[in-house]
Amino acid sequence: ENKYGQIKFDLRYRYEYVNQEDVTVKSANGNTLRLRLGYLTPEFHGLQGFFEYEGNLAMQEDYNSLQNGRTQYSVIADPQKQELNQGWITYKGIPDTVIKGGRQRIKIDNDRFIGNVGWRQLEQTYDSALVTNKSIENFTAKAGFIGNVKNILSNNDNMTSPFLHLGYDFGRWGTLKGYAYWIDYSSDTTLTGSSNQTYGGSFVGSPKISDGVKAHYRAEYAWQQAYGPNPISYKDQYFHFMGGVTAFGVTLKGAIEQLDGDGVKGFDTPLATKHAFQGCADKFLTTPADGVRDVQAILSGKVFGTKLMFVYHNFKDDTGNIDYGNEYDFLITKKFGKHYQLLAKYAYYDAQDFSTNTQKIWVQGLSLIHI
C-alpha cells in the first residue's frame with residue numbers, strides 16, 4: 001500500500017449449470033457478475049481501516065437463488081444483492097498483537113469450522129472482534145467473538161459465539177493446533193438447532209523429503225455436543241486423516257473424512273466453507289442424521305502452467321453400511337499474469353441410497369487489481 005492507502009478492485013464472472021435427475025425442478029442456468037470494491041487506509045499510529053462494497057448481478061436468472069422465488073429451478077445460491085462486505089479497523093499498537101473489529105473475513109485453518117464460503121459470489125463475513133497474539137516464538141493464539149454473520153444470501157444470522165484457536169509451528173514437520181468453538185444462536189430462533197460446542201485438534205504438515213519430493217499428512221479429531229438453546233441433545237465425533245506425496249510436479253493424496261451422526265443429528269459445521277469438503281456437487285451441506293464417511297483420492301499437477309485436479313469421493317454413512325454414492329470432480333485453472341485467472345470445473349454425483357444423480361458445470365473468469 002502507499003501513503004494514500006490502497007484501492008482493491010475484484011470482478012468475477014461465472015456461468016453455472018445444475019442438472020438433477022428424477023426431480024420435478026428444471027435444470028438451472030446462472031450467468032452472474034460479482035463486483036467488490038474496497039479501500040484500505042494507510043496505517044496511522046497503529047490503526048488501519050478497510051471498507052468494501054460487494055454486489056452480484058444476475059444477468060441470467062434461470063435458477064433458484066433461495067431469494068428470488070424461482071423454485072421451479074435447481075438451486076444456485078448466488079442471489080442478486082449488494083451489501084457492505086467488510087468494514088473493519090485494526091490496532092497493532094500492542095507488541096506481537098493485532099486487534100481487529102468490525103465486519104471481516106475470517107478463515108481459520110482449512111475453513112472446516114469457520115470460513116468465508118469464498119466459492120459463492122457473495123462471501124460470508126463476520127461482525128466480530130478478533131485478537132491474534134504471537135508473543136511466544138512459533139506459537140499463535142487467536143481469540144474471537146462473533147455477534148452476527150452476513151451469509152452468502154446477504155442475510156444476517158445473529159449469534160453470540162466466542163472461539164479460541166491455538167497453533168504451534170514445529171518447522172518443517174508441521175503445525176499442531178487446538179481449537180474450541182461455541183456456536184450460540186440464542187438470538188435467532190430459526191437456527192437454534194445448529195447451536196453447538198466443538199473441541200478438537202490437528203497436526204498438519206508438508207515436509208520436503210528431497211529435491212522435488214514432498215510428503216503431505218493431516219490427522220484431525222474433534223467432538224461436538226449441543227450448546228445453549230439447542231433443543232436436540234446429541235454427541236458426535238469428527239475425524240480427518242490424509243496422506244500423500246508430491247513428486248515430479250504431480251501430487252497424489254488419499255484421505256478419509258468422517259462426520260458422525262447419532263440417527264437424530266449429524267456433526268454440524270454451520271460456519272464452514274462446506275463447498276471445499278465432501279464434493280463440489282454440494283450434496284452434504286447438511287450432515288445426514290446417520291453421518292457421512294468420505295473416502296477420497298486426489299490427483300493434481302500442472303501442465304504448461306495450467307493447474308489440473310481430479311478428486312474421487314466414495315460416500316457412506318458413518319458405519320459404512322449405507323452407500324450414499326460416488327462423486328467425480330474435475331478442475332482446470334490458469335493464471336494470466338498477476339491479475340487474471342480462468343477456471344473450469346465439473347462435478348458429477350452418482351447417487352445410490354441418498355439424494356439423486358447431479359451434474360454441475362462452472363466456467364469462471366476473475367480479475368483482481370490493487371491500486
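This passage walks through the aromatic pairs, the cavities and one strand, β13, of a predicted model.

Aromatic rings come first. Searching the whole structure turns up 24 aromatic pairs. A pair of this kind is described by how far apart the ring centres are and by the angle between the planes. Take W119 and W362: the planes meet at 80° and the centres are 5.6 Å apart, so this pair is edge-to-face, given that anything over 60 degrees falls in that class. The two tryptophans come from distant parts of the chain, 243 residues apart. W119 belongs to the loop between β5 (97-104) and β6 (125-133), while W362 sits in strand β19 (residues 358-370). Both count as buried, because the cut-off is under 20% relative accessible area: W119 comes in at 11% and W362 at 1%.

F239 and F241 give another aromatic pair, this one tilted, with 5.6 Å from centre to centre and 35° between the planes. Here the rings are not tucked away to the extent that "buried" would require: F239 is partly exposed at 22% relative accessibility, and F241 is also partly exposed, at 41%. Elsewhere, ring pairs tie F113, F163, Y179, Y181, Y238 and F267 together into a cluster.

Two lysines also meet rings face-on. K8 places its charged end over the ring of F50, 5.6 Å from the centre. K334 does likewise with F336, lying over the face at 5.9 Å from the ring centre.

Strand β13 (residues 235-247) is where F239 and F241 are found, and both are on its uncovered face, along with K235, Q237, G243, V245 and A247. The covered face carries D236, Y238, H240, M242, G244 and T246. That fits the general pattern, in which side chains of a regular strand alternate between the two faces of the sheet. Y238, on the covered face, is one of the residues in the ring cluster.

β13 has partners in two strands. With strand β12 (residues 213-226) it pairs in the antiparallel sense over 13 bridges, and one of the matches puts K235 across from Q225. With strand β14 (residues 250-259) it is again antiparallel, through 10 bridges. F241 stands opposite I256 of β14. β13 and β14 make up a hairpin with two residues between the strands, and F248 in the turn has a positive phi of about 55°.

As for empty space inside the protein, the whole structure holds three cavities of 30 Å³ or more. The largest contains about 50 Å³. Its lining is made of F113, Y181, I183, N196, T198, Q224, D268, T269, P270 and L271, which by class gives five nonpolar, four polar and one charged residues. Strands β9 (175-183) and β10 (196-205) each contribute at least two residues to that lining.

The second largest cavity has about 40 Å³ of space. I108, D109, N110, R112, F113, Y179, Y181 and E220 line it, a set that splits into four nonpolar, one polar and three charged residues. F113 and Y181 appear in the lining of the largest cavity and in that of the second largest, and they also take part in the ring cluster. Y179, another member of the cluster, lines the second largest cavity.

Methods. Residues are numbered from 1 along each chain as its sequence is written. This is a predicted model: local features need pLDDT of at least 70, side-chain atom pairs count only at pLDDT 80 or more; totals for chains, interfaces and linings use all residues. Side-chain values use heavy atoms; hydrogens and water are left out. Rings of Phe, Tyr and Trp (its six-membered ring) pair if their centres lie within 6.5 Å; planes under 30 degrees apart count as stacked, over 60 as edge-to-face and the rest as tilted. Helices (H or I, at least four residues) and strands (E, at least two) are DSSP runs, numbered from the N terminus. Buried means under 20% relative accessible area, exposed over 50%, partly exposed in between (1.4 Å probe, protein chains only). A charge sits over a ring if NZ of Lys or CZ of Arg is within 6 Å of the ring centre and within 35 degrees of the ring normal. On a 1 Å grid over the protein atoms alone, a cavity is a set of points where a 1.4 Å probe fits but cannot get out, and a pocket is an open set with protein on both sides within 12 Å along at least five of seven lines; lining residues have an atom within 4 Å of a point. Grid points are joined across faces, edges and corners, and a volume is the space filled by probe spheres set on the points. Ala, Val, Leu, Ile, Met, Phe, Trp, Tyr, Cys and Pro count as nonpolar, Asp, Glu, Lys and Arg as charged, and the others, Gly among them, as polar. Two strands pair if DSSP finds at least two bridges between them.
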